[in-house]
Amino acid sequence: MNKDTTEAVQKLLASPQKVVIVGHKNPDGDAVGSCLGLSFFLKILGHTTTVIMPNDFPDFLKWLPGCDEIIIYEKEVQKTSEIFDNADLIFTLDFNSLDRVGGELQAVLENATAKFVMIDHHQQPADYAVATYSDVKMSSTSEMVYHFMDALGQTEKLSKEIAVNLYTGIMTDTGSFRFSSTSPTTHRVAARLIEAGAESAIINQNVYDTNSPERMKLLGVALNNLVILPEMHTAYITLTQNELDDHNFKKGDTEGFVNYALSVKGVVFAVIFIENKQENLVKISFRSKGDFSVNDFARNHYNGGGHINAAGGKSSQDLNKTISEFISILPRYKNKLTDAL
Ligand SMILES: [Mn+2]
């Protein structure tokens, strides 16, 4: 965090403040971990804090210290509006633009009179905060919360609660320290968090060893349906509505399945097509390695988008047509797929 931002934050926090900390819609480990970590830290400094998420967060995070006190906006609209009205400061964490909180809460934030502080690592931060700590090279917002404490000269305030939350956010946002955003500094911060009481083995168990038997069986079906197109360096998985129904599908169960396709040797482009009869469409997740932009691919063909190596989209054709169309598009990308790595 640079000197100007540090000084601005020091001024804002010079006397006890009523602080609201907000994460993005469909909060992930980094959003929840960074918000809770910051909340514990600001409380130690003598401020009053409330953590608000636009909607509910996944069960595999519902053991994090402090998570019981998170207010879910869509469940408590009235109460939340009052909290925002009374706030002195609003910290927005792990998102770059107010529309990332979704619908009504976006309007609440846009109309808020409190001053904003942003801590985030996504591209192109919007300009709504009086203090913006943005760094797209950072592994995670949770890592940034540690650097935020450091910039304020307060790392000795690191408690076990803060450490566990920040470690969880860093671990989940780096794919367990695998992604290229994982720097030597990320590991140094993680080491400090472990020293402060974050138990890596226990955090890993709590986050990752939470599969239901149905989900594991569904993964078996997905892997059995895996198709590899070696000359296109592509692999894809399909799941029909019937296959989902047979395994008592719950939201989130297919999370991460596409990564198994990407883990096949030689594959740089992986896709999962999931039939959704209720919405009468096929939901698609794209993953890639290297320079192959699934953001472009999803934008060009599937009404979607995202990041260079992770994106989503959809098709209103049936599953079979969606697949045959996909296979017919691929040859146009053969050079890019071949040169991706
Ligand atoms: Mn993040």
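## V20 and the parallel sheet

In this predicted model, V20 stands opposite T50 of strand β2. That facing pair belongs to a parallel pairing: strand β1 (residues 18-22) and strand β2 (residues 48-53) are joined over five bridges. Strands of a sheet pair through backbone hydrogen bonds, either parallel or antiparallel.

Stepping back from V20, we find an open sheet of six strands, with the order β3-β2-β1-β4-β5-β6 and parallel pairing. At its edges are β3 (71-72) and β6 (131-134), each of which pairs on one side only. In the order given, β1 sits between β2 and β4.

## The annotated DDH region

UniProt, in an unreviewed entry, has the annotation "domain: DDH" over residues 18-170. Within residues 18-170 the chain is 37% helix and 18% strand. The C-alpha atoms at the two ends of this stretch are 27 Å apart.

## M149 and its surroundings

Now to a single residue of helix α5 (residues 141-151), namely M149. Is M149 buried or exposed? It counts as buried, because 22 C-beta neighbours lie inside 10 Å, and the cut-off for a buried residue is 20 or more.

Setting aside neighbours within four places in sequence, M149 is in contact with F41, Q154, T155, K157 and L158. F41 is worth a look on your screen: 108 residues separate M149 and F41 in sequence, while their C-alpha atoms are 8.0 Å apart in space.

## Helix α6

Does the length of helix α6 agree or disagree with what its residue count leads us to expect? Helix α6 covers residues 160-173, and at 1.5 Å a residue its 14 residues should span 20 Å. The end C-alpha atoms are 20 Å apart, so the model agrees with the expectation.

This helix is also mostly covered, with 13 of its 14 residues buried. Just after α6 comes G175, with a positive phi of about 55°.

## Two domains in one chain

The chain is divided into domain 1, residues 3-208, and domain 2, residues 213-338. Taken over C-alpha atoms, the centres of domain 1 and domain 2 are 31 Å apart.

For the chain as a whole, there are 14 helices and 12 strands. Its radius of gyration is 21 Å, close to the 20 Å that the globule rule gives for 341 residues, so the chain is as compact as a globular protein of that length. Along the principal axes, the C-alpha atoms fill a box of roughly 60 × 45 × 40 Å. Of the 341 residues, 39% count as buried. Among contacts with a separation of 6 or more, 65% come from residues 24 or more positions apart.

## Strands β9, β10 and β12

Further along the chain, the pairing is antiparallel: eight bridges join strand β9 (residues 269-276) to β10. Which residue of β10 stands opposite F269? It is S288. The two strands form a hairpin with four residues between them, and N280 in the turn has a positive phi of about 55°.

Strand β10 (residues 281-288) has a second partner in strand β12 (residues 310-315), again antiparallel, over six bridges. Here R287 stands opposite A310 of β12. Strand β10 is mostly covered, with six of its eight residues buried.

## The annotated DHHA1 region and two asparagines

An unreviewed UniProt entry places the feature "domain: DHHA1" at residues 244-323. Over residues 244-323 the chain is 28% helix and 30% strand, and the end C-alpha atoms are 18 Å apart.

Two asparagines deserve a friendly pointer for their backbone angles. Most residues other than glycine have a negative phi, and most peptide bonds are trans. N248, however, has a positive phi near 55°, and its place is the loop between α10 (241-246) and α11 (257-262). With 13 other C-beta atoms within 10 Å, N248 is partly exposed. N303 likewise has a positive phi, near 50°, in the loop between α12 (294-301) and β11 (305-306). N303 has 14 other C-beta atoms within 10 Å, which means that it is partly exposed.

Technical notes
Residues numbered from 1 in each chain as written. Predicted model: local features only at pLDDT ≥ 70, side-chain atom pairs only at ≥ 80, totals over all residues. Expected span 1.5 Å × (residues − 1). Buried ≥ 20, exposed ≤ 12 C-beta atoms within 10 Å, placed from the backbone. Domains from an automatic or database assignment. Contact = placed C-beta atoms within 7 Å. UniProt positions renumbered as here; feature names shortened; annotations may be inferred. Rg over C-alpha atoms; globule rule 2.2 N^0.38 Å. Pairing = 2+ DSSP bridges.
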